[in-house]
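This report describes a pocket and a ligand site. The structure comes first, then the account.

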Amino acid sequence: MTTPDTARHTPNSMDGNPTIDERANHCFGCGPANPQGLHLAFTTDTSNPEAITATCHFQLDRMHEGPPGYIHGGIVAALLDEAMSKLNRPLNVLAMTRHMEIDYLRPVPLYQPLVLIGRHLNRPAKDGTPGRKLFHQAEIQHPDGTVLARSKGLFIAIDEKLLFAAGITPPEA
Ligand SMILES: CCCCCCCC(=O)SCCNC(=O)CCNC(=O)[C@H](O)C(C)(C)COP(=O)(O)OP(=O)(O)OC[C@H]1O[C@@H](n2cnc3c(N)ncnc32)[C@H](O)[C@@H]1OP(=O)(O)O
């Protein structure tokens with residue numbers, strides 16, 4: 001008899017009251033514990049609070065191929081989504097993607113070092129306080145600066161009470 005290796009995806013250490021960081025260890029985009037993940041590592045720049053950025057240098061191989069020699073369009077979307085989502089923590093919010101649109105401008109090549117950049121656009125206030133809608137954008141660039149793909153995204157801040165109800169605590173500061 002065979003049984004699914006559930007521990008590979010949900011180790012015992014996650015039982016009890018895991019933090020969102022522990023949960024995110026298996027994030028397909030950035031989780032270090034996901035053996036099939038993209039393992040993206042970002043650097044955030046908050047020096048201009050009006051235009052926070054998250055930057056990642058990456059290179060993919062045939063595991064993520066779509067058109068021969070190029071990255072699959074769904075993976076391009078995942079890359080852009082990840083870059084935009086990385087802007088939420090510097091803004092001190094937990095948020096999920098509600099809507100995103102993508103311009104696939106050029107095929108995105110495999111086996112080449114590329115740059116992924118997310119930029120915070122704005123967070124409209126509601127009733128004088130920061131609203132729950134966050135607007136971000138992201139680009140995948142060739143090192144020569146050519147933009148290969150571009151996205152705009154709407155993220156919705158998640159009420160932390162919902163996380164507590166699910167047994168998950170917010171990230172460490
Ligand atoms: C917690 C850490 C997670 C890290 C995640 C990394 C990024 C991800 O990939 S997240 C995974 C993909 N995303 C998801 O699975 C989210 C699934 N969706 C949901 O759970 C819900 O829709 C959720 C929680 C985002 C929002 O739900 P809900 O609060 O009901 O929002 P909803 O009312 O539908 O829409 C919110 C607002 O956006 C507006 N809106 C919706 N679509 C659009 C659009 N295309 N353009 C402009 N505005 C829009 C709505 O009109 C609404 O506005 P208002 O508040 O003024 O009425």
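Ala, Val, Leu, Ile, Met, Phe, Trp, Tyr, Cys and Pro count here as nonpolar, Asp, Glu, Lys and Arg as charged, and the others, Gly among them, as polar. By these classes, the lining of the largest pocket has 16 nonpolar, 6 polar and 8 charged residues. The model is predicted: local features need pLDDT of at least 70, side-chain atom pairs count only at pLDDT 80 or more, and totals for chains, interfaces and linings use all residues. Residues are numbered from 1 along each chain as its sequence is written, and side-chain values use heavy atoms, with hydrogens and water left out.

The ligand has a shell of residues around it (a heavy atom within 4 Å). Among them are Asp81, Ser85, Met96, His99 and Lys133. By class, this shell holds 5 nonpolar, 3 polar and 4 charged residues.

Three polar contacts (pairs of N or O atoms within 3.5 Å) are listed here.

| Residue and its atom | Ligand atom | Distance |
|---|---|---|
| Thr97, polar backbone atom | nitrogen | 3.0 Å |
| Arg98, polar side-chain atom | oxygen | 3.1 Å |
| Arg132, polar side-chain atom | oxygen | 2.6 Å |

On its own the ligand has 1200 Å² of accessible area (Shrake-Rupley method, 1.4 Å probe), and the protein covers 51% of that area.

Which elements give two or more residues to the shell around the ligand? They are α3, β3 and β8 (147–157), where helices (H or I, at least four residues) and strands (E, at least two) are DSSP runs numbered from the N terminus. The largest share, 5 residues, comes from β3.

Definitions and conventions
Polar contact = N/O pair within 3.5 Å; in protein donor to acceptor, adjacent residues only side chain to side chain.
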